[in-house]
Amino acid sequence: MLPLLLLIIFLVIAFSIVAWMGFTKKRALIAFLIASGCSLLFGGISHIFVPGIVANSIGWDVCPEFQYEIGIANILIGILLIFSFYFDNQWILAAIVASTIWGWGNALGHIISYKNTKNKKSGNIGWALYLDIFLPIISIILYLITYVYN
């Protein structure tokens, strides 16, 4: 549940900065991407440095080598999203595509895990599943509102 709480904190901070700077569609998109990226960065660091805690919350056996690889992927996607503020619209689109493939791929993995093992841990079929599905959807909607349907 800590990752969900941290995402909420990251969103509040990012959107507070947007409110302070003046709201625009692009700033709202960037704020959402940065908050999502910070959340993935935290997840990646957690997979690497506290694999036992993370594995337990997901319902996995501890496998530090595998979780290291998952952690690096989370950090990579998180950095892509965070640096969206600095680069152009093509970078933003690429970051959203990458995070969507990663998120929806993870969501499918959580569903398969549940189907095969009835793993009902919140890190598998609870908050993690919902974040993996809905964060990319929100990113896509904000991108479309900002760049396609402006």
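**Entry 1. Second largest pocket**

I looked up which helix gives the most to the lining of the second largest pocket in this predicted model. I found that α2 does, with seven residues. I noted that α1 and α2 each supply at least two residues of that lining. I counted 14 lining residues in total for the second largest pocket, and I recorded V18, R27, I30, A31 and I34 as those nearest its centre. I then sorted the lining by class: 12 residues are nonpolar, none is polar and two are charged. For the space in the second largest pocket I entered about 250 Å³.

**Entry 2. α1 against α2**

I turned next to the packing of α1 and α2. I read an angle of about 150 degrees between them, and their axes are 8 Å apart. Angles over 145 degrees count as roughly antiparallel, and I therefore entered α1 and α2 as roughly antiparallel to each other. I recorded the crossing of α1 and α2 as right-handed. On the α1 side I listed L2, P3, L6, L7, F10, L11, A14, F15, V18 and M21 in the contact. On the α2 side I listed R27, A28, A31, F32, A35, S36, C38, S39 and F42. By class, I have 16 nonpolar, two polar and one charged residue in the contact of α1 with α2.

I went back to the second largest pocket with this list in hand. V18, R27 and A31 are among the residues nearest its centre, and I find V18 of α1 and both R27 and A31 of α2 in the helix contact as well.

**Entry 3. α2 against α5**

I then followed α2 to α5. The axes of α2 and α5 come within 12 Å and cross at roughly 45 degrees. I accordingly entered α2 as oblique to α5. I noted that α2 passes α5 in a left-handed crossing. From α2, I listed K26, L29, I30, L33 and L40 in this contact; from α5, I listed N89, I92, I96 and W102. I classed the residues of the contact of α2 with α5 as seven nonpolar, one polar and one charged.

**Entry 4. α5 against α7**

I looked up how α5 lies against α7. Their axes come within 8 Å and cross at roughly 155 degrees. I therefore recorded α5 and α7 as roughly antiparallel to each other. I found that α5 passes α7 in a left-handed crossing. On α5, I listed N89, I92, L93, I96, S99, T100, G103, W104, N106, A107, H110 and I111 as the residues that meet α7. On α7, I listed A128, L129, D132, I133, P136, I137, S139, I140, Y143 and Y147. I divided the residues of the contact of α5 with α7 into 14 nonpolar, seven polar and one charged.

I compared this list with Entry 3. N89, I92 and I96 of α5 meet α7, and I have N89, I92 and I96 in the contact with α2 as well.

**Entry 5. Largest pocket**

I closed with the largest pocket, for which I entered about 830 Å³ of space. I counted 38 lining residues, with G43, H47, N74, W127 and A128 the closest to its centre. I noted A128 also on the α7 side of the contact with α5.

I then asked which helix supplies the largest share of the lining of the largest pocket. I found that α5 does, with eight residues. I noted that α1 (2-21), α2 (25-49), α3 (51-58), α4 (64-82), α5 (89-117), α6 (122-125) and α7 (127-148) each supply at least two residues. By class, I recorded 19 nonpolar, 18 polar and one charged residue in the lining of the largest pocket.

Notes. Residues are numbered from 1 along each chain as its sequence is written. This is a predicted model: local features need pLDDT of at least 70, side-chain atom pairs count only at pLDDT 80 or more; totals for chains, interfaces and linings use all residues. Side-chain values use heavy atoms; hydrogens and water are left out. On a 1 Å grid over the protein atoms alone, a cavity is a set of points where a 1.4 Å probe fits but cannot get out, and a pocket is an open set with protein on both sides within 12 Å along at least five of seven lines; lining residues have an atom within 4 Å of a point. Grid points are joined across faces, edges and corners, and a volume is the space filled by probe spheres set on the points. Helices (H or I, at least four residues) and strands (E, at least two) are DSSP runs, numbered from the N terminus. Ala, Val, Leu, Ile, Met, Phe, Trp, Tyr, Cys and Pro count as nonpolar, Asp, Glu, Lys and Arg as charged, and the others, Gly among them, as polar. Axes are lines fitted to C-alpha atoms, for helices over the stretch in contact, and angles run from 0 to 180 degrees between N-to-C directions. Angles under 35 degrees count as roughly parallel, over 145 as roughly antiparallel, 65 to 115 as roughly perpendicular and the rest as oblique. A crossing is left-handed if the near helix is turned anticlockwise from the far one by less than a right angle, and right-handed if clockwise. Contact means heavy atoms within 4.5 Å.
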